Amino acid sequence: MGIDDQVQKMQMRQNYRNFWHTDLTSAVVADAPFCCFAMVCGPCASYMMRKRALYNDMSRYICCAGYFPCSGRCGESKCPELCLCTEVFCCFANSVASTRFLLQDEFNIQTTQCDNCIIGFMVCLQQLACICSLAACITGSDEIGDLANMLTCLADLVFCSVCPCMQTQHKVEMDKRDGKFGQQPVMAVPQAQQMSRIDQSVPPTVGYPPQQAYAPQYGQPPPPYAQGYPPAGYPPPQFPPPGAYPPPGYPK
């Protein structure tokens, strides 16, 4: 995926209408056991979440979910499990972010402003710590080195706090997807209805006996009744014999 595609994806995510089932500030309360597990063993939690996001179908796996230049070039089709293990241990932050993007694009989920502020603060703090570390290496100043170490510890602390909440947020969203919050109402496909058309017979032929055209001739009795009518026992109609009508003396 190129830079233009990534920018387009980011712009599309801003227009998504759905929201996460829980935000980052409430993720610990939503599932405290998994949040603790993700804090102790983040790569294991990231492996589980990515595999579950793919509906346990590893044939669909692509490195970093297709959001990074290395995607599709790491031999994922030959051994997806090994590639995913390598991703979560060597590129842990990217693996968590890729799972997040995958879920957002699948369910049209936008990130709230509060979550954006938390994630932005975490990223900015890491960048600031990196800049201070480079400045300390270039200048050789002990004061800048101490500041860089302090910012690095603070950035690591924030990352270790935000990342488990983020993975818990993903897990809660997939619990919602898989119906673990109760049976969701299923939208059934409505039955086909017979619509009225101009070329349709009125009344419709379904359930009605076929109608026969009847054109009686003068002086001839009508054909025998069909379709069970008149009912049995009903006296047949009486017709005058041939030649008895018109009566004698009737003007022609």
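Exposed means over 50% relative accessible area, and buried means under 20%. Those two cut-offs sort many of the residues below. The model described here is predicted.

**The chain as a whole**

The protein chain holds 8 helices and 2 strands. Starting at the N terminus, the elements follow the order α-β-α-α-α-α-α-β-α-α. The chain has 252 residues, and 29% of them count as buried. Its accessible surface is about 17,700 Å². Carbon and sulfur atoms account for 62% of that surface. Contacts also reach across the sequence. Take those between residues at least 6 apart: 69% of them join residues at least 24 apart.

**Helix H5 and its two faces**

Helix H5 spans residues 80-90. Its buried residues are Pro80, Cys83, Leu84, Glu87 and Val88. These buried residues lie on the same side of H5, because they cover an arc of only 130° around the axis. The face turned away from that buried side carries the exposed residues Leu82, Phe89 and Cys90. What covers the buried residues of H5? The cover includes H4 and H6.

**Helix H3 and its two faces**

Helix H3 runs over residues 32-40. Phe34, Cys35 and Ala38 are buried in H3. Their arc around the axis is only 105°, so they sit on the same side of the helix. Pro33, Met39 and Val40 are exposed, on the face of H3 turned away from its buried side. The cover over the buried residues of H3 includes helix H2 (27-30), H4 and helix H8 (142-177).

**Two helix pairs**

Two pairs of helices can be set side by side.

| Pair | Axes come within | Crossing angle |
|---|---|---|
| H3 and H4 | 5 Å | roughly 120° |
| H5 and H6 | 5 Å | roughly 110° |

How do the axes of H3 and H4 stand to each other? H3 is oblique to H4, because their axes cross at roughly 120°. In this contact, Phe34, Phe37, Ala38 and Val40 of H3 meet Gly42, Cys44, Ala45, Met48 and Met49 of H4. The contact residues divide into 8 nonpolar, 1 polar and no charged. Phe34 and Ala38 appear in this contact, and both are buried. Val40 takes part too, yet Val40 is exposed.

The second pair is H5 with H6. Angles of 65 to 115 degrees count as roughly perpendicular, so H5 and H6 are roughly perpendicular to each other. Here Glu87, Val88 and Cys90 of H5 meet Phe92, Ser95 and Ser98 of H6. The residues of this contact are 3 nonpolar, 2 polar and 1 charged. Glu87 and Val88 are buried residues of H5, whereas Cys90 is exposed.

**Two asparagines in loops**

Which backbone angle marks Asn56? Asn56 has a positive phi of about 60°, although it is not a glycine. Asn56 lies in the loop between H4 and H5. Asn56 counts as exposed because its relative accessibility is 54%.

Asn108 also has a positive phi, about 55°, and it is not a glycine. Asn108 sits in the loop between helix H6 (92-107) and strand S2 (109-110). With 36% relative accessibility, Asn108 counts as partly exposed.

How values were computed
Residues numbered from 1 in each chain as written. Predicted model: local features only at pLDDT ≥ 70, side-chain atom pairs only at ≥ 80, totals over all residues. Heavy atoms only, no water. Axes fitted to C-alpha atoms, helices over the stretch in contact; angles between N-to-C directions. Helix = DSSP H or I, 4+ residues; strand = E, 2+ residues; numbered from the N terminus. Parallel < 35°, antiparallel > 145°, perpendicular 65-115°, else oblique. Contact = heavy atoms within 4.5 Å. Nonpolar A, V, L, I, M, F, W, Y, C, P; charged D, E, K, R; others polar. Buried < 20%, exposed > 50% of the residue type's maximum accessible area, 1.4 Å probe, protein only. Areas by Shrake-Rupley, 256 points an atom, 1.4 Å probe, with all protein chains shown as cover. Arc of directions from axis to C-beta.
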